[in-house]
Amino acid sequence: MPFRPSPCSLAVGTALSLLAAPASAQSSLSEPIVVSATRIDMHDQDAPYASEVHTRSDIERSGAHSLFDYLAQQSSLQISPSYGNRYTPQISMRGYGNDGFQNLVISVDGRRLNNIDSIPQLIGSISLSDIERIEITKGSGAVMFGDGATAGTIQIYTKPRSGVSLETYAGDHGQRGAIASAGLVRERFDLSATLDHSHVNGFSSPDPTGHRDQSEANTWRVAGALKPVEGLRLDMEAGASHIDTRYPNPLTQAQFNANPGMHTGAAYTQQKLQSDHWSLGAEYRVNRQWKLSARHHDEDKSSLFPNSTPANYRYVSNEVASPCNPSNA
């Protein structure tokens, strides 16, 4: 007769397993996961929406070097290069398909990355090394986050750096990169800076002009905060990203059948993307339940294709909020 443990024996076995587990495992089991999609911090099991939280330790364990790679490999999102462009990819959430990026809002510390036209968000301008937490919320967020959030949101939060670090990596197809960061964290202020460089020679054969689907990205960011009095935090952030990428030209079925390699001319589209942004913010905690916050974001973007007029955009936003968290009463 097969052995069937009693409920009592199962409980004893579970207790013994927990006692034998290392301290790090016990602490990870007890640490609550906090989500902030409604600007009110709460445990994920209490949130009235579906959430997916990725912490800094998750990012470090993944081995990914870009936000695209991390979301494609570690999240529940369906993400693919937009015509080969990994810096402005197509993202699908809740079954919205290739155009799903038009139905979700991506933000970095409250700054929206969504564009006014039908161009995907420039997630290539975000250094993965600066990210502290990624919150993916599924469900309509249009009331709080405006148009484009009918599928949900991807909210990215950065962190102040402490100390000095230098990271380099290399791989096949000419992949290489370097990340340098420095920061100082004190009780009343913090200041940090990051430089991120990446390059890839391309994965496909060169076209008649000698180019492959190659790319190069350079990003820098500076952030700081000041706490002059108890409960008040003033912060600033500025950064820029310069991307030069080539990806395959689109082919019709007839063109592919006639000449899959398109050897009669350039097989790759070159696009230069640039983003320059800065932000100012203030937050004052009135008491355990109430806090007041105000934030200003300003960003200039440009997209340039060879032999064409560059497309320039400027996005300015101001936000004032006073969320209440009655659970802290």
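**View 1. A salt bridge between glutamate 60 and arginine 56 in helix α3.** In this predicted model, glutamate 60 and arginine 56 form a salt bridge in which the closest N and O atoms are 3.4 Å apart. Both residues belong to helix α3 (residues 56-62), and because they are 4 residues apart there, about one helical turn separates them. The two partners differ in their surroundings, since glutamate 60 counts as exposed at 55% relative accessibility, whereas arginine 56 is buried, with a relative accessible area of 16%.

**View 2. A salt bridge between arginine 111 and glutamate 299.** The closest N and O atoms of arginine 111 and glutamate 299 are 3.3 Å apart, and the two residues form a salt bridge. Arginine 111 lies in strand β7 (residues 111-112) and glutamate 299 in strand β16, so this pair ties together parts of the chain that are 188 residues apart in sequence. Arginine 111 and glutamate 299 are both buried.

**View 3. Lysine 291, glutamate 283 and a network of charged residues.** Lysine 291 forms a salt bridge with glutamate 283, with 3.9 Å between the closest N and O atoms. Of this pair, lysine 291 is buried, with a relative accessible area of 17%, while glutamate 283 is partly exposed, with a relative accessible area of 29%. Elsewhere, Asp109, Arg221 and Glu237 are joined into one network by salt bridges that share partners. A search of the whole structure finds 13 salt bridges.

**View 4. An open antiparallel sheet of 8 strands.** The strands follow the order β10-β11-β12-β13-β14-β15-β16-β17, and their pairing is antiparallel. At the edges stand β10 (163-170) and β17 (311-321), each of which has a single partner strand, so one side of each is left without a neighbour in the sheet. From one strand to the next, the twist averages 5°. Within this sheet, strand β15 (residues 268-285) and strand β16 (residues 291-304) run antiparallel and are joined by 14 bridges; alanine 282, for its part, has alanine 294 in β16 as its bridge partner.

**View 5. A nonpolar surface patch that includes leucine 226.** Leu184, Phe189, Leu226 and Leu234 make a nonpolar patch of about 310 Å² on the surface. Leucine 226 is found in strand β13 (residues 215-226), and this residue is partly exposed, with a relative accessible area of 42%.

**View 6. The whole chain, as context for the close-ups.** The chain holds 6 helices and 17 strands, and buried residues make up 38% of its 329 residues. About 18200 Å² of the chain is exposed, of which carbon and sulfur atoms supply 57%.

Note on methods
Residues are numbered from 1 along each chain as its sequence is written. This is a predicted model: local features need pLDDT of at least 70, side-chain atom pairs count only at pLDDT 80 or more; totals for chains, interfaces and linings use all residues. Side-chain values use heavy atoms; hydrogens and water are left out. Patches are made of residues with over 30% relative accessible area and no salt bridge: like charges are joined within 9 Å, nonpolar side chains (Val, Leu, Ile, Met, Phe, Trp, Tyr) within 5 Å. Accessible areas come from the Shrake-Rupley method with a 1.4 Å probe; for residues, only the protein chains shown count as cover. A salt bridge is a side-chain nitrogen of Lys or Arg within 4 Å of a carboxyl oxygen of Asp or Glu. Helices (H or I, at least four residues) and strands (E, at least two) are DSSP runs, numbered from the N terminus. Buried means under 20% relative accessible area, exposed over 50%, partly exposed in between (1.4 Å probe, protein chains only). Two strands pair if DSSP finds at least two bridges between them. Axes are lines fitted to C-alpha atoms, for helices over the stretch in contact, and angles run from 0 to 180 degrees between N-to-C directions.
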